[in-house]
Amino acid sequence: MFSTAQIGIDLGTANILVYSKDKGIILNEPSVVALNTDTRAVLAIGIEAKAMVGKTPSHIVAVRPLRDGVIADFDVTASLLKEIMRKASKNMGLALRKPNVVVCAPTGSTSVERRAILDAVRSCGAKNVHIIEEPVAAAIGADLPVEEPTANVVVDIGGGTTEVAIISYGGVVSSKSVRVGGDKLDEAIIQYVRKTYNILIGERTAEQIKMEIGHAPIDHERMTMEVRGRDLVNGLPKTIELHSAEIQEAMSELLLQLLEALRATLEDCPPELSGDIVDRGVLLTGGGALLNGLQDWIADEIFVPVHVAANPLESVAIGTGRSLSFIDKLQKATV
Ligand code: ADP
Ligand code: MG
């Protein structure tokens, strides 16, 4: 006899994670698909496909079907989900037969898209499928007391979007989603390096620069990094040295937009809950929460305590999986 496996899927714009109640995180792969442009056949997904970004010959393209927080290409998303379920099953062994699944839909997805996600997961053999609101999942995964009548503020900074939500009694009281996340920061770095040095760098290099020497607009010890790109004047490879202050400047405008979204959500907060926020503060999660100096900068700007989730890249997946234990209460969030 097999017991029914219970798994949670975080369908993120940058990373897809699968969490099993018994085994923890069983899969963690970039949301990237490599396709044959002629036949549309899926050649690779996840880590393997991400390694191909910017390096493929013309008949292969590496795409991120969830890139901006909406499902840009549903067929590709469905293929990706199918492969993810197959890999997760392999990692789990036979236990993943007919699992009960909670999937966290990307923010801003329409009810049509949500239904399509449900269908795609079902078509991979799942028995019951539910959808959970992403910020609620993040809060559960970060051990916030979401079912209590106190306000919990979650700022989830992903690849494509940042979602700010106030949660109380297990539901979202108010929320805002902005199309500013890690991808936009990477793009800002690419633009800056192109304008200032006439050097073209790739997306993955930009992401590495952000993670290593990128800082929120706050005082910090100067850091440098050597970077390789293509000289736009003579077309030849070239190495330059970037310093953290210039990268900080390149990202600051976008970070201010993110801060504005947080401020606006706090301003919308029902007064009875505002007091809780002053006491309990704000939780940062999603990969963007790991940006150097972000926690201190936001705390300085909004005058309430700011915490970072213990595992910002995993809290949504963990919360999605854990939410299975109080699935009945989630019914209202199901399409
Ligand atoms: P999503 O939920 O949209 O899939 P994630 O929560 O997985 O997104 O976060 C991915 C984003 O976090 C990417 O843009 C990545 O560059 C960024 N990120 C990951 N680690 C760091 C870090 N140490 N510093 C800054 N950004 C980071
Ligand atoms: Mg996410």
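# Exercises on the ligand 1 site and selected residues

The residues of the shell around ligand 1 fall into three classes, with five nonpolar, nine polar and three charged. The model is a predicted one, and the exercises below begin with this shell before turning to individual residues.

## Exercise 1: The shell around ligand 1

Determine which residues come nearest to ligand 1, and which helices each supply at least two residues of its shell.

Solution. Start with the residues themselves: there are 17 around ligand 1, and those that come nearest are Thr13, Ala14, Asn15, Glu207 and Lys210. Next, assign the shell to secondary structure, where α5 (182–197) and α6 (203–213) each supply at least two residues. Of the contributors to the shell, α6 gives the most, with three residues.

## Exercise 2: Backbone contacts and burial of the ligand

Find what distances separate backbone N or O atoms of Ala14, Gly159 and Gly288 from an oxygen atom of ligand 1, and then establish how much of the ligand the protein buries.

Solution. Take the three residues in sequence order. A backbone N or O atom of Ala14 is 2.7 Å from an oxygen atom of ligand 1, while for Gly159 the corresponding distance from a backbone N or O atom to a ligand oxygen is 2.9 Å. For Gly288, a backbone N or O atom lies 3.4 Å from an oxygen atom of the ligand. Turning from contacts to surface, ligand 1 taken alone exposes 580 Å², of which the protein buries 91%. The final step is to place the ligand within the protein, and here ligand 1 is found to sit in the largest pocket.

## Exercise 3: Two residues to classify by accessibility

Decide whether Leu291 and Gln248 are buried or exposed, and describe the surroundings of each.

Solution. Leu291 belongs to the loop between β15 (282–285) and α9 (294–302). Its relative accessible area is 11%, and because buried means under 20%, Leu291 is buried. In space, the C-alpha atom of Leu291 is 6.5 Å from that of Met211, although the two residues are 80 apart in sequence.

Gln248, by contrast, is part of helix α7, which covers residues 244–267. Its relative accessibility is 14%, which is under 20%, so Gln248 counts as buried as well. The side chain of Gln248 reaches the backbone oxygen of Ile218, at a distance of 2.9 Å.

## Exercise 4: Positive phi outside glycine

For Tyr169 and Phe303, each of which has a positive phi although it is not a glycine, state the angle, the location and the accessibility class.

Solution. Tyr169 has a phi of about 50° and is placed in the loop between β10 (162–168) and β11 (171–178). With a relative accessible area of 60%, Tyr169 passes the limit of over 50% and is therefore exposed. Phe303 has a phi of about 60°, and its position is in the loop between α9 and β16 (306–308). Since its relative accessibility is 72%, Phe303 likewise counts as exposed.

## Exercise 5: A strand residue

Classify Leu43 by its accessibility, and give its C-alpha distance to Val61.

Solution. Leu43 is located in strand β5, residues 42–45. Its relative accessible area of 42% is neither under 20% nor over 50%, so Leu43 is partly exposed. The C-alpha atoms of Leu43 and Val61 are 9.5 Å apart in space, with their positions 18 residues apart in sequence numbering.

Note on methods:
Residues numbered from 1 in each chain as written. Chains lettered and ligands numbered in written order. Predicted model: local features only at pLDDT ≥ 70, side-chain atom pairs only at ≥ 80, totals over all residues. Heavy atoms only, no water. Near = heavy atom within 4 Å. Polar contact = N/O pair within 3.5 Å; in protein donor to acceptor, adjacent residues only side chain to side chain. Areas by Shrake-Rupley, 256 points an atom, 1.4 Å probe, with all protein chains shown as cover. 1 Å grid on protein atoms, 1.4 Å probe; cavity = no way out; pocket = protein on both sides within 12 Å on 5 of 7 lines; lining within 4 Å. Sits in = over half its atoms within 2 Å of the grid points. Helix = DSSP H or I, 4+ residues; strand = E, 2+ residues; numbered from the N terminus. Nonpolar A, V, L, I, M, F, W, Y, C, P; charged D, E, K, R; others polar. Buried < 20%, exposed > 50% of the residue type's maximum accessible area, 1.4 Å probe, protein only.
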